[in-house]
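User: I should like to learn how to read the packing features of a structural model. Please take me through the one shown here.

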Amino acid sequence: MEAVLKSPGFDVACQGNRAIRWAARTNNCRIVQLLLKDARVDPTDHENYAIRSASFFGRVRVVNLLLDDSRVDPSVENNVCIREAAANGHINIVKSLLDHPKVDPTDGIQDNQSLCLAADNGHSRIVEVLLDDPRVSPIPLSLFLACKRGLVSIVKRLLADPRLDPTNIDGTYSLDVAVGHGFVGVVEVLLNDGRVIPSGTVLLNAALKGYSKILVLLLADDRIDPAHGDNHALELASHKGHIEAVATLLADPRVASGDIRSSICANSHAEIVGLLFKAFNKQTDAVC
């Protein structure tokens, strides 16, 4: 390569500095070093493609070489480099970019997008690194995305940050989305945080999908009324044939003492009908 660079007929900057762009993309550190020493080479061509691609593909040494060149701008395109590195789990690149004065880790389509991308893709160590930077704030959307993916460790880390407000709309929906996907561990963590307020639909959603373990957690929360809407949760679980969920609900005296007849009428599952009649007969015996 050195011989080629010295050739009088070779234009090292041809095709928009393609040589350094592709050397960076393919992780060829030696070539990148040689090219950066050549005054004809512009490492910023194609909107700093060299460092953008190196950040995306996780080329740690190449990124560091480029960051040492004052011509390179790692904040190009609203700090796309750190967003790509965070989204793809390249922690060492994220660390290097955070140390660069031009990089703003809060930039993006929405605030703190790098954190949201790391949370959404399950990169817990990057979430930790970003939250250790005082510029980065744990917005409720990051919590929602972690809950949507069932990422318990990230949910715990975000809730441990006093700057996070889980009562924001995205924070409130975090419990709903965790319940909807059946993520028992995440639901437990959220319910243990007194700031997270259960919506009126979480129990219905768990009953509809037959998530009995989640129903146990929800029934233990005194903010939730399992008999709301004339035992609508029981009716949903019965109609869908979720035997274990029906049994779990009927084990709660608030449900067992409520309206059971509508659940019986809306059911065609013999075993569930048997459970419902048994509970109904207990109500009748109690009245007598």
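Analyst: Let us begin with the core. Of the 84 residues in the largest nonpolar core, those touching the most other members are Leu 66, Val 94, Leu 130, Val 155, Leu 190 and Leu 249. Helix α6 (residues 76–87) supplies the largest share of this core, six residues. This is a predicted model, in which local features need pLDDT of at least 70 and side-chain atom pairs count only at pLDDT 80 or more, while totals for chains, interfaces and linings use all residues. Residues are numbered from 1 along each chain as its sequence is written, and side-chain values use heavy atoms, with hydrogens and water left out.

User: How is a nonpolar core defined, and which residues is Leu 66 in contact with, leaving aside its neighbours within four places in sequence?

Analyst: In soluble globular proteins, nonpolar side chains tend to be buried together. A nonpolar core is a set of buried Ala, Val, Leu, Ile, Met, Phe, Trp, Tyr and Cys residues joined through side-chain atoms within 4.5 Å; buried means under 20% relative accessible area, exposed over 50%, and partly exposed in between, with a 1.4 Å probe and protein chains only. Contact means heavy atoms within 4.5 Å. Apart from neighbours within four places in sequence, Leu 66 is in contact with Ala 24, Val 32, Leu 36, Pro 43, Ala 50, Ile 51 and Val 72.

User: At what angle do helices α7 and α9 pack?

Analyst: Helices are DSSP runs (H or I, at least four residues), numbered from the N terminus. Axes are lines fitted to C-alpha atoms over the stretch in contact, and angles run from 0 to 180 degrees between N-to-C directions. Helix α7 (residues 91–98) and helix α9 (residues 124–131) pack at about 10 degrees, their axes 10 Å apart. The two are therefore roughly parallel (angles under 35 degrees). Ile 91, Val 94, Lys 95 and Leu 98 of α7 meet Arg 125, Ile 126, Val 129 and Leu 130 of α9.

User: Is Ser 174 buried or exposed?

Analyst: Ser 174, in helix α12 (residues 169–180), counts as buried because its relative accessibility is 0%. A polar atom of its side chain lies 3.3 Å from the backbone nitrogen of Phe 144. Beyond neighbours within four places in sequence, Ser 174 is in contact with Leu 143, Phe 144, Cys 147 and Leu 190.

User: What is the relative accessible area of Arg 149?

Analyst: Arg 149, in helix α10 (residues 140–149), has a value of 42% and is therefore partly exposed. Leaving aside neighbours within four places in sequence, Arg 149 is in contact with Asp 120, Asn 121 and Phe 183.

Key: Angles under 35 degrees count as roughly parallel, over 145 as roughly antiparallel, 65 to 115 as roughly perpendicular and the rest as oblique. A polar contact is a pair of N or O atoms within 3.5 Å; within protein, one must be able to donate a hydrogen and the other to accept it, and residues adjacent in sequence count only if both atoms are side-chain atoms.
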